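Colleague: Hi! Could you walk me through this one?

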Amino acid sequence: MSDGGTVRILGVAGSLRRGSFNAATLRAAQELAPAGMTIEIFDIAPIPLYNEDVRQQGFPAPVEDLRARIKSADGLLIVTPEYNYSIPGVLKNAIDWASRPPEQPFDGKPIGIMGASAGVMGSVRAQYHLRQCFVFLNALIMNRPEVMIPQAQNKFDADGKLTDQPTRDFISAHLAAFKAWALRMK
Ligand SMILES: Cc1cc2nc3c(=O)[nH]c(=O)nc-3n(C[C@H](O)[C@H](O)[C@H](O)COP(=O)(O)O)c2cc1C
């Protein structure tokens with residue numbers, strides 16, 4: 001963990017799509033992070049499907065890596081779409097892998113959640129399902145401000161840059177609060 005007034009955050013996107021609005025939101029968060037906050041992005045694409053038989057042989061390398069990075073970060077920022085009103089399977093799968101004993105890394109970890117979706121609800125249902133998982137895992141989820149990005153297809157340019165100023169402002173406010181939250185929990 002880092003010292004003083006700085007926080008190192010690990011960012012995870014819940015979509016593997018090359019043109020993902022959520023991955024683009026995570027990149028926007030990197031750009032909008034306040035002074036003293038860094039966001040390193042972890043790609044969950046290499047994480048295999050959960051299989052308890054495999055875990056009995058030891059965590060696969062990408063899972064070990066994810067667990068170590070969550071452990072050493074001052075907080076975790078998840079940016080996810082909703083799939084069928086819930087958490088995308090790839091993200092739930094990564095959380096399930098990382099959560100297995102010993103020393104599950106979400107315990108006591110500050111977590112911020114944002115999300116973008118094509119619909120008018122802006123991923124809210126996935127976000128609330130994620131919160132439920134993190135209650136069980138005893139993570140320290142920041143309650144608010146929330147960031148829901150509805151109709152994401154209208155808020156990014158062709159290069160995946162977030163162009164909608166109100167959304168940029170919501171993200172900045174979330175990150176400022178998350179920095180304070182992570183520092184409080186250190
Ligand atoms: C399997 C699947 C289920 C989806 N379910 C929802 C949904 O419940 N609500 C919603 O607003 N959008 C839903 N969508 C549309 C996504 O919001 C949209 O594809 C979005 O761009 C995905 O995020 P991404 O751009 O980060 O990949 C769904 C998309 C997929 C592929």
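Modeller: Happy to! A residue counts as near a molecule if one of its heavy atoms lies within 4 Å of it. This is a predicted model, where local features need pLDDT of at least 70, side-chain atom pairs count only at pLDDT 80 or more, and totals for chains, interfaces and linings use all residues. Residues are numbered from 1 along each chain as its sequence is written, and side-chain values use heavy atoms, leaving out hydrogens and water.

Colleague: Cool. Which residues come nearest to the ligand?

Modeller: There are 13 residues around the ligand, and S15, R17, S20, N22 and N84 come nearest.

Colleague: And which backbone atom lies 2.9 Å from a ligand oxygen?

Modeller: That is a backbone N or O atom of F21. A polar backbone atom of Y85 is 2.8 Å from an oxygen atom of the ligand, and for G119 the distance is 3.1 Å.

Colleague: New topic: which residues have the most contacts inside the largest nonpolar core?

Modeller: They are I47, L66, L76, F106, L130 and F134, in a core of 27 residues. A nonpolar core is a set of buried (under 20% relative accessible area, 1.4 Å probe, protein chains only) Ala, Val, Leu, Ile, Met, Phe, Trp, Tyr and Cys residues joined through side-chain atoms within 4.5 Å.

Colleague: Why would they gather like that?

Modeller: In soluble globular proteins, nonpolar side chains tend to be buried together.

Colleague: What does L130 touch?

Modeller: Beyond its neighbours within four places in sequence, L130 is in contact (heavy atoms within 4.5 Å) with I78, T80, I87, L91, I95 and I113.

Terms used. Polar contact = N/O pair within 3.5 Å; in protein donor to acceptor, adjacent residues only side chain to side chain. Buried < 20%, exposed > 50% of the residue type's maximum accessible area, 1.4 Å probe, protein only.
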